[in-house]
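Hi,

Here is the structure I said I'd pass on to you. Have a look around it first, then read my notes below.

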Amino acid sequence: MTTQPQRRIRIGIDTGGTFTDVVALDEDSGELVTTKTPSTPSDPADGFIDGVHKVLGLMGATGRDITAVCHGTTVATNQLLEGKVESLGFITTEGYEFILEIARQAVPDGYGNSYFWVKPPRIVPADLVRTVGGRLDFQGREIRPFDEESAVAAARWFRERGIKAVGVCLLHSYADDSHERAVRAVLRREHPEAVVSISSEVLREYREYERSMTTLVDAAVKPRVARYVANIHDRLDGLAPGVAFSIMKSNGGVLSADEVVKQPVTTVLSGPAAGALGAGLVAHRAGYPKVLTCDGGGTSTDVSVVLDGEPTLTTEGTVGAYPSKIPMIDVVTVGAGGGSVAWVTPEGTLKVGPRSAGADPGPLCYGKGGTEPTITDAHVVLGRIPPHLLGGEIPLDVAAARRGIDELAARLDLDPVRCATGILEISAWNQANALRQVSVKRGLDVRDFMLATFGGSGSLLACRLVDVLDLAGVVVPQNPGNLSAFGLLTVDVRNDYVQTAVARHDALDHAAVQEVFDALTDRAARALDTEGFPRGDHRYLRTVDLRYFGQAFEVRVPAPDGPVDAAYAASVADAFHAEHRALYGYDFRGDPTQQVEWVNLRVTGVGPITRPQLRELPTRDPGTLPTPGSLSDPAGQDPSDRSKTRVRRPVCFDPDDGFVDTPVHWRPDLRAGDTFEGPAIVEEFGSTVPVHPGFGVRVDALGNLVITRTTTGGDR
């Protein structure tokens, strides 16, 4: 009996609120297979394993063929967004027990002034904060010795009350972590069941409030992330014993599942980060250096900026009400997903989101008990999406969606068609405002950018967003519904390390800067060693946070490799002046009264992986170019056995024009070089792209749909 040779298959799995997306790459043949399976909110591991089995079945492979699995998870994200923080304790320096209450003076945008704004609840209530004696100054010099007796008392106090998650943030521990390590040692001895996070390991950076919050977020999500990862890891080992299992991080890198349990705060934007990376790779190889991404799901839409194939990073991110000052891809999320509910305010106006019908019961058209119309229902009623999902696997109840829109329209005294288009118009402006936050507010001119749309609902409003924002056009990758899972196969291992070292540029101690860079690089190297990367494959990226003396916040600039000397420092300062001008429109280069100040030194260790190659789409044989309204799949037909049936259906793009007879293209039938104009609908297994009148579509060599305006101006 002959045995099949073992294959090398890497799998990326992104768990969303409605579907679990799966992409598998055969590393030897380059074959790329995508699929989806329903998510299982009660136990996400069920949907995860179902997805692995499904994709292996499509490839004719078994568990022994899997070499690695990379996962994008929303476990930490959802816990924070839902505010489900279990009993959590906080230990800080004596006299600073109200640091969480003091927080910051800044009032979020949209409230006008502090009179209308109410601070969100603290992540740790005041009665669960304990203090310890001892004090360091900002340079790490000991002012008062560590008081072990107070630490023992705090540990026993938490133990007696059953508090099993504790965050520790002592004043100026970024400069010297000896007191924090002493507190952790006491907790391990006196309260061994406690899960402990210390700030000097989570975020070795100044600003006590942000460091405290980030540490507490890490401690809060540790128990749930640990349980989730252990559950999946055990079940995956049963299918593919010993397989490498990694988790997507917020910074655009991955980390082994065993290590991510030790630093779960790094996963708070795991899912959105993968989508931005996948879109960046596709757009860059298609020749678009400036891209805005729009990842539309069932509950929300995530938007970001990609420059030269790399998503922009920030350390000023928040998840829900909780700031997390870790490096993360700069993503803005808006409650405008397919399941976002359309509702009427007490004043009688139409609103859309942020409340969502989710996956269960979901939109009215799902037929699972939904009671309120959603964005998806509006698309169904207008004919912009077919009466089914996943190429016919999931039929939709069009009549239920229409009844819901009719009832909402009656409450608003509107025509149902205008009500449905109004829902989509509000959703489009919500998405446009999110895109402005990551672009215009960052000093970028959106007219120079293409919009990369993906996710199940990401492309549904693409043409309208081009009009609202005056974008250059839209790029829709192949299999856009699975792009986040594809992005997981493109991700390097990345570990970020930071050290605050405040110093004036004109008095900079070059040797001290070199010493910090060397120490951070050594930590990064040891982490990559643990991940199994040979030293010769390691890459190290330096960045520095600088500001003008007296400013409250910094600007991050890349720093080159090489020894730190006067010329090196001058080149970093020059880069800061240029970046400051790009962001704010001015700089103080050459002004002797404005000193540059160095604040944080950073090193990122990168372990590179082999990325999947994007294959070019074949061109069409001469004389076979399809006419608009080409081949499509009838609703409900088996996706593996599609007849070549010409399909058209009435679609409403503008209520003034009513429903127009619109050709429907089945995307797998398109070839490189094909062109057609709107109105048109492009359908595929995981998503739909409505092409409005006044827009044209070109299929590029990589199979992307490139959508641009063929007429100028005007609302459509």
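Let's start on the outside: the protein chain has an accessible surface of about 29,900 Å², and carbon and sulfur atoms hold 51% of that. Keep in mind as you look that this is a predicted model.

Now for the overall build. The chain contains 16 helices and 39 strands. Measure out a box along the principal axes, and the C-alpha atoms fill roughly 80 × 75 × 55 Å. Is that what you'd want from a globule? For 716 residues, a compact globule should have a radius of gyration near 27 Å, and the protein chain has 27 Å, so the two agree.

Inside, 55% of the 716 residues are buried. If you take the contacts with a separation of 6 or more, 67% of them link residues 24 or more positions apart.

As for charge, there are 72 positive side chains and 93 negative ones. The centres of those two sets lie 1 Å apart.

Last, how far to trust the picture. The average pLDDT is 87, and 92% of the residues score at least 70. Confidence is highest in strand β5 (residues 89–93), at a mean of 97, and lowest in strand β31 (residues 631–632), at 40. Over residues 628–645, pLDDT stays under 50, though the model still has 46 contacts there beyond four places in sequence. Where pLDDT is low, the predicted coordinates shouldn't be read in detail.

Cheers

Technical notes:
Residues are numbered from 1 along each chain as its sequence is written. Side-chain values use heavy atoms; hydrogens and water are left out. pLDDT is the predictor's confidence in each residue, from 0 to 100. Helices (H or I, at least four residues) and strands (E, at least two) are DSSP runs, numbered from the N terminus. Contact means heavy atoms within 4.5 Å. The radius of gyration is taken over C-alpha atoms; the globule rule is 2.2 Å times the number of residues to the power 0.38. Buried means under 20% relative accessible area, exposed over 50%, partly exposed in between (1.4 Å probe, protein chains only). Accessible areas come from the Shrake-Rupley method with a 1.4 Å probe; for residues, only the protein chains shown count as cover. Lys and Arg count as positive and Asp and Glu as negative; His and the chain ends are not counted. The place of a charge is taken as NZ of Lys, CZ of Arg, CG of Asp or CD of Glu.
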